[in-house]
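Me: I am new to this structure. Please pick one helix and take a close look at how it sits among its neighbours.

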Amino acid sequence: MAATLPPLPGTTGRRDWRTAFDAIRKLLANGDDTVQVFRIMRSLNVGATETGYARLIATEQGGRIAYEQVELAQVFSRPGFASQFAPGTIGAAYRDFLETTGYSADGLADVSREGMSDEDMPHPYAWFGRRVRDTHDIWHVLTGYKADESLGEAALVAFSYAQVGGLGWAFIAAAASLKSLRVTKGTLFARAVWEGYRHGRAAKWISGEDYMTLLHEPIEAARARLGIRTPTAYLKAQHELGPEMASYLSERREKAAAVEPEPRRLAA
């Protein structure tokens, strides 16, 4: 059983539903507004970071990982970091992900800091929260959920809720699914999101992995070891909905791209 730890100093322990509903309204209106994702997480993920940190230090190698407190966004962003990995490894797939999406390893970190002066605070819980944030794209690579479409992001958000807890993840996944019923005129999207949750429940706890080792592991072997299943409902929805419905904000994003670069999206 994981250790019981005190809450983060200065927190109230209460969920801020008013902020969460304001943020989800803005996120569903503009799926590219990733700042709202972090507002939702801070409003609703009460106790999730403390629980995750306690679970980490209760694992065989978690004490060492927590003691070292590596800031993964900084490591992943080092020049030449992604070029070191052999073909077929998770690291190589991550390198391909960065090249095809145009995302940077520290992109989410930059967005998460907007309006938050304590995002980089030197506290073990805050470090663990950054660890979950900074491995989001690694989870995209492991699960096969695309990062540049609404469907893939919503499915990974549901997967993440099952893995790390935190009501904010569930709130976003549920809202995106409900919106999809109206936008897509069917349940394929919602079924894929539900599958993401079930697969997250079935998989090994990925946040306990040593990512510096994991990135060198062959991706198919890692998926088998971690119990990450093939997302059949997601692949079916992606195929049958097509790119426009799988990413139902794409037309507006294309128009916006003519004015400014597309920002990083996390969900909805």
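Reply: What follows starts with the whole protein, turns to helix H11, and then looks at some other parts.

This is a predicted model: local features need pLDDT of at least 70, side-chain atom pairs count only at pLDDT 80 or more, and totals for chains, interfaces and linings use all residues. Residues are numbered from 1 along each chain as its sequence is written, and side-chain values use heavy atoms, with hydrogens and water left out.

The protein has 16 helices and 0 strands. Helices (H or I, at least four residues) and strands (E, at least two) are DSSP runs, numbered from the N terminus. Of the 268 residues, 51% count as buried. Buried means under 20% relative accessible area, exposed means over 50%, and partly exposed lies in between (1.4 Å probe, protein chains only). Contact means heavy atoms within 4.5 Å. Among contacts with a separation of 6 or more, 75% join residues 24 or more positions apart.

Now to H11 itself. Its 18 residues should span 26 Å at 1.5 Å a residue; the end C-alpha atoms are 25 Å apart, which agrees. The expected span is 1.5 Å times one less than the number of residues. The buried residues of H11 include Trp169, Phe171, Ile172, Lys179 and Thr184. What covers the buried residues of H11? The cover includes H1 (17–29), H2 (35–44), H8 (124–134), H10, H12 and H15 (232–246).

Take the partner H10 next. H10 (residues 150–164) packs on H11 (residues 167–184) at an angle of about 150 degrees, and the axes are 8 Å apart. That makes H10 roughly antiparallel to H11. Axes here are lines fitted to C-alpha atoms, for helices over the stretch in contact, and angles run from 0 to 180 degrees between N-to-C directions. Angles under 35 degrees count as roughly parallel, over 145 as roughly antiparallel, 65 to 115 as roughly perpendicular, and the rest as oblique. H10 passes H11 in a left-handed crossing. A crossing is left-handed if the near helix is turned anticlockwise from the far one by less than a right angle, and right-handed if clockwise.

Which residues meet? From H10 come Ala154, Val157, Ala158, Ser160, Tyr161 and Val164; from H11 come Leu167, Trp169, Ala170, Ile172, Ala173 and Ala176. By class, this contact of H10 with H11 has 11 nonpolar, 1 polar and no charged residues. Ala, Val, Leu, Ile, Met, Phe, Trp, Tyr, Cys and Pro count as nonpolar, Asp, Glu, Lys and Arg as charged, and the others, Gly among them, as polar.

An α-helix has 3.6 residues a turn, so residues three or four places apart point the same way.

H10 is largely enclosed by the rest of the structure, because 14 of its 15 residues are buried. H10 is followed by Gly165, whose phi is positive, near 70 degrees.

The other partner is H12. H11 and H12 pack at an angle of about 160 degrees, with axes 8 Å apart. They are therefore roughly antiparallel to each other. H11 passes H12 in a left-handed crossing. Ala173, Ala176, Ser177, Ser180 and Leu181 of H11 touch Phe189, Ala190 and Val193 of H12. By class, the contact of H11 with H12 has 6 nonpolar, 2 polar and no charged residues.

Between H11 and H12 is a loop that holds Lys185. Lys185 has a positive phi of about 60 degrees although it is not a glycine. Is Lys185 buried or exposed? At 70% relative accessibility, Lys185 counts as exposed.

Follow H12 to Ala202, which is found in that helix (residues 188–202). Ala202 is partly exposed, with a relative accessible area of 37%. Ala202 and Ile228 are 26 residues apart in sequence, but 7.6 Å apart in space, C-alpha to C-alpha. Not counting residues up to four places away in sequence, Ala202 touches Gly227 and Arg229.

Finally, look at two helices that help cover H11. H1 and H2 are among the elements over its buried residues. H1 and H2 pack at an angle of about 160 degrees, with their axes 8 Å apart. That makes H1 roughly antiparallel to H2. H1 passes H2 in a left-handed crossing. By class, the contact of H1 with H2 has 8 nonpolar, 3 polar and 3 charged residues.
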